[in-house]
Amino acid sequence: MNDSLTAAAAASAHGPAPAPGPQEGGDGPARARRVETLLGDPFAAGNPHGQQALLAADERRQAPAATEELLARFGLAAEFVPTALGGRLTGAEALAQVLRPLFRRDVALGFGAGMTALFAASAVWAAGDERQRRDTAALLLGGRRLTILHREFAHANAILRGEYTAHPAPGGYRVEGRKDVVINADRADAFVAYARTAPGDGPGSHSVFLLDTAGLPAHAVHRLPRARTHGMRGAHYAGLRLKDCPVPDAALVGQAGEGVSLSLRTFQVSRALVSGGALVGGMDSALRYAVRAVTESRRHLVLRGRRGRVLAGVFADLLACDSLAVAGLRLLDLAPEHALVPSAAVKYAVSALLHEDLDELTAVLGARGYDRGPAYGGFQKLVRDLPVAGLGHAGTADTQAVLVPHLRTLAHTARSRTTPHEAPGALFTPGATDSTLDFTRLDAQPRDRHSGCDGLLAVLPAAAARLDGNRRRGPRWAALADLARAFATEVHTLTQRCAALPQCPDAGTPAAAYALVDRYCLLLAAASCLAVRENAAPDAPDGGLLAEPDWALIALTRFGRRLGLEVPALPDDITPALAARLVDRYRHQRSFDLYGMRLA
């Protein structure tokens, strides 16, 4: 992995910049600023795209029509079409930046008007033929809607329950089946459908079809009523029934029986974007509500006391989660063939950590957390929406299915006594290079299974060794070096515990394996945190916050407590100092993520 990443980073740094797509030019950060400006101040009175309008639409269980129209004029769909096909899609990291202004305002809007189209189109970008790629690009760039019909999963919730079956027929297939909860099913012009084409649950059980409703008989396509959901109420979740629907051979995406493989490949992009776009963007706003509440009611106490500790802790968690999320996004851009396991770890860790943080913020907000007005009503909406964005238990089971087998790789590392190569700094430098995601390089099999290499995890012992040289810089640096050393030791402990697991797949998955997945993902988050700090510029516009030890020290302290490690007390005043940096970003209207973008 190290060699391919290094080569990709070098090529990206020196290669030509991609041509601007339709309607809007510039790189990802520039387009993100454009979206932020178009949407405006979310709390400004009379803003048709502000919180008052978005909350009113949510109460009516409707999509915010004026905002969807604004995004259509911006050409948001072009963000999901590769530049080679006339769109603006280059890298996953740049796309996540463009989407964050949407998710900071309305999670349902980010999915319904945005990211779902890419979830569907990813299979076409990865395995479609030239005609399918051109047709899909033309559909999206022409303002039509595309959505995805997932296959059914074990432990499925309503969103993933139900499926379609495609039977061979003269000239193609006949598709039957229904799903009752599909986003945009009632208004999509085309569907990317995962349909069963063989019995059983093996790797060849499903195939993928590109279905344009314009070419399907009306009697075969039945759009069912909208479903009432607790969260993301403005999203158009509805049912779709296909009855004896004729589908031509030309609609098959890739090869027959390739559906499971394609889902494993394309879900890597979905997981990374849900984490780096929806969850981090949504939690940025949740934390902003809490900072507003505390600064309004207790200005002189905001930096100290329990509430100050919560704000600083959640801020550190958010930066750490974004560190892991950005590493996952940049891995997709630089070496997508290695992204299977890391993308699952990103989704697992970010979902779990930010869910805990949301509970902490609820306590800080108190009664304001239940306010339904424009000033704080968005927080209660986030409490409802963010679990839906992560797909709840089904999302957890899906990522565990990827991560548990990877524990055998860690066991191999312990038994072989090999030293994995450390992942390069290019993964941990947000926005460093403008790279392009090649969907065709996504792999359904983990590339590191036989080599025992886990470059992300190898960051911890390497970073700990380098931090030892910073101890003389003061007690905060010494404390961070001590914590890093404890986490490096935990890497060794984890691999030894993985080696003690039963190695026969037929023996089933022991309960201990799931606990080890938790620990593994927390260690990856800690590694990303240390690596981002190490690669950050000390002269950045925010005063070099990311290059300083405070946020990483608080984040690793919180991770250590979750792991049950013996964690020393934090140095005096470190928590108020980080809380002060958070309040400073709030007052200067900067985002709370790694980018610190100026907000409207």
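Six aromatic pairs are found in this predicted model. One of them joins Phe-43 and Tyr-289, whose ring centres lie 5.9 Å apart with 85 degrees between the planes, an edge-to-face arrangement. Phe-43 belongs to the loop between helix H2 (28-39) and H3, whereas Tyr-289 is part of helix H8 (residues 259-297), so this contact ties together parts of the chain that are 246 residues apart in sequence. The two partners are worth viewing in turn: Phe-43 is partly exposed, at 32% relative accessibility, while Tyr-289, at 5%, counts as buried.

A further pair, again edge-to-face, is made by Tyr-173 and Phe-209, with 4.9 Å from centre to centre and 70 degrees between the planes. Here the contact links two strands: Tyr-173 lies in strand E3 (residues 172-183) and Phe-209 in strand E5 (residues 206-212), so the parts tied together are 36 residues apart in sequence. Tyr-173 counts as buried with a relative accessibility of 13%, and Phe-209 is buried as well, with a value of 0%.

The pair of Phe-43 and Tyr-289 does not stand by itself, for these two residues and Tyr-376 form one aromatic cluster. A charged group also meets this cluster: the charged end of Arg-292 sits over the ring of Tyr-376, at 5.9 Å from its centre. A similar kind of contact involves Arg-288, which lies over the face of Phe-592 at 3.8 Å from the ring centre.

Turning to charged pairs, a search of the whole structure gives 41 salt bridges. In one of these, Arg-372 is paired with Glu-59, and the closest N and O atoms are 2.7 Å apart. The pair ties together parts that are 313 residues apart in sequence, because Arg-372 lies in the loop between helix H10 (340-365) and helix H11 (377-389) and Glu-59 in helix H3 (residues 51-59). Arg-372 counts as exposed, at 60% relative accessibility, and Glu-59 as partly exposed, with a relative accessible area of 44%.

Another salt bridge brings together the side chains of Arg-441 and Glu-337, with an N to O distance of 2.9 Å. Both residues are found in loops: Arg-441 in the one between helix H12 (392-416) and helix H13 (459-467), and Glu-337 in the one between helix H9 (305-334) and H10, so parts that are 104 residues apart in sequence are tied together. The surroundings of the two can be told apart by accessibility, since Arg-441 is partly exposed at 33%, whereas Glu-337 is buried at 9%.

A salt bridge within a helix is seen for Asp-385 and Lys-381, whose side chains meet at 2.5 Å, N to O. These residues are four apart in helix H11, so about one helical turn separates them. Asp-385 is buried, as is Lys-381.

How do these charged residues fit into a wider arrangement, and which residues are linked in a network of salt bridges? The network is made up of Asp-58, Glu-59, Asp-106, Arg-233, Arg-372, Lys-381, Arg-384 and Asp-385. Among its members are Arg-372 and Glu-59, the pair that reaches from helix H3 to the loop between helix H10 and helix H11. Lys-381 and Asp-385, which pair within helix H11, are also included.

Terms used: Residues numbered from 1 in each chain as written. Predicted model: local features only at pLDDT ≥ 70, side-chain atom pairs only at ≥ 80, totals over all residues. Heavy atoms only, no water. Salt bridge = Lys/Arg side-chain N within 4 Å of Asp/Glu carboxyl O. Buried < 20%, exposed > 50% of the residue type's maximum accessible area, 1.4 Å probe, protein only. Phe/Tyr/Trp six-rings, centres within 6.5 Å; stacked < 30°, edge-to-face > 60°. Lys NZ or Arg CZ within 6 Å of the ring centre and 35° of its normal.
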